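Dear colleague,

Please find the structure below, handed over for your consideration. My findings follow it.

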Amino acid sequence: MISTKTARKAVLKLGQADDSHKQQSAPPPVGSYPYRLEVCKNKSSADNMVFHLAGDTGGTRSAEMQHKIAAELTAQAKEAHADFMYHLGDIVYHYGEQEGYEAQFLAPFAQYPAPIYAIAGNHDTDINPETWEQESLGAFYTAFCSTTPTTIHFAPQTRRKSQVQPNVYWTMISPLAIVIGLHTNVPKYGYVDPVQKSWFIDELKNAAACHQNKAIIVCLHHAPYSADVNHGSSVAMIELLDDAFKASGVRPDVVFSGHVHNYQRFTKQYPDGGTVPFIVAGAGGFDELHALASPEDEGYEASHDLFKGLSLEKYCDDRHGFLKVSLKRTPFGLQMKIGYYTVPADSGIYGAALFDEHHIDLSGR
């Protein structure tokens, strides 16, 4: 079903068990504090950027949608000369094991023509309770957090080298955008410890003070706001973001997340009149999509104080898809265009179609 905000609202799913015991400790950073990485340093033009975002591209059952999404991303990246892809987490199901990287990530994205960066999802961070053999995030660090680009030892046949992200949470500094990526751990509604929260607040302050001519983007795996039946919204993530925005005095231009296997675009209006889009893009290939809940269902709460000023503008819960973000500096200032593209569910049929488009005027930068 495809609809608009007239029928659906963000919800809290009631009666959820406490799974905070699933928190995992991350390996030490491979780079130095404050974990920043400059990208696109050799870009010929600093006035245009194009990049993709997608979440939850992995899966262990049917691989058709994984390959469809990757194929459409690859075709679009070649046509648009994309600068990179930013993965919103859950690269490998269900426990981020190195044995899954070839089939779930490296093979489908082998032809993607630009670098791929990532934040880790809950499945990338979790540990298989039947084996307890691997270190949490061990394979993710090998693929994305090396000190230098190198052959990925558990997939030596792949042409894609390891990334050089400095930590599991980190800040990307690009010509037109600052992207702050959080690590929200394993629990169903996410977890960020005080150390990372303090870092996040400092990175928001730095982005606003030192990069006034760039977009500020926040990415996290667990969706703060959602209207779906499987997860619903995350109080922990909403409070994390609200606290950080208040403490830093800075709100980003957009927040992207995954975890929920559909597309949702919310607008949050704050008491001072400012607005922030919150965009969920977790339909990147996992073969189970998440439908939206009825706000009248007794298993959900849709009238929480945390939802004040929040509107669900558009959603798609019956097709997989991905995001393309375009940033352009014009004589009038910086402009951002966010497009969500869906792929057909019919077997063997390819082609990405624009489903939703949102424009953000950053001319004040």
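How many bridges join strand S4 to strand S5, and do they run parallel or antiparallel? Four bridges join S4 (residues 48-54) to S5 (residues 84-87), and the two strands run parallel. One bridge partner in S5 is Tyr86, which is matched with Leu53. Strands are DSSP runs (E, at least two residues) and helices likewise (H or I, at least four), numbered from the N terminus; two strands pair if DSSP finds at least two bridges between them.

Please note that this is a predicted model, in which local features need pLDDT of at least 70 and side-chain atom pairs count only at pLDDT 80 or more, while totals for chains, interfaces and linings use all residues. Residues are numbered from 1 along each chain as its sequence is written, and side-chain values use heavy atoms, with hydrogens and water left out.

S4 and S5 belong to an open sheet of six strands, ordered S6-S5-S4-S15-S16-S17, with mixed pairing. Strand S6 (116-118) and strand S17 (353-362) are the edge strands, each pairing on one side only.

Helix H1 (residues 64-80) packs on the sheet and touches S4, S5, strand S15 (321-330) and strand S16 (333-342); contact means heavy atoms within 4.5 Å.

Gly284 lies in the loop between strand S12 (275-281) and strand S13 (300-301). Gly284 is buried, at a relative accessible area of 0% (buried means under 20%, exposed over 50%, partly exposed in between, with a 1.4 Å probe and protein chains only). Beyond residues up to four places away in sequence, Gly284 touches Gly55, Asp56, Thr57, Ile69 and Gly321.

Yours faithfully

Technical notes: Axes fitted to C-alpha atoms, helices over the stretch in contact; angles between N-to-C directions.
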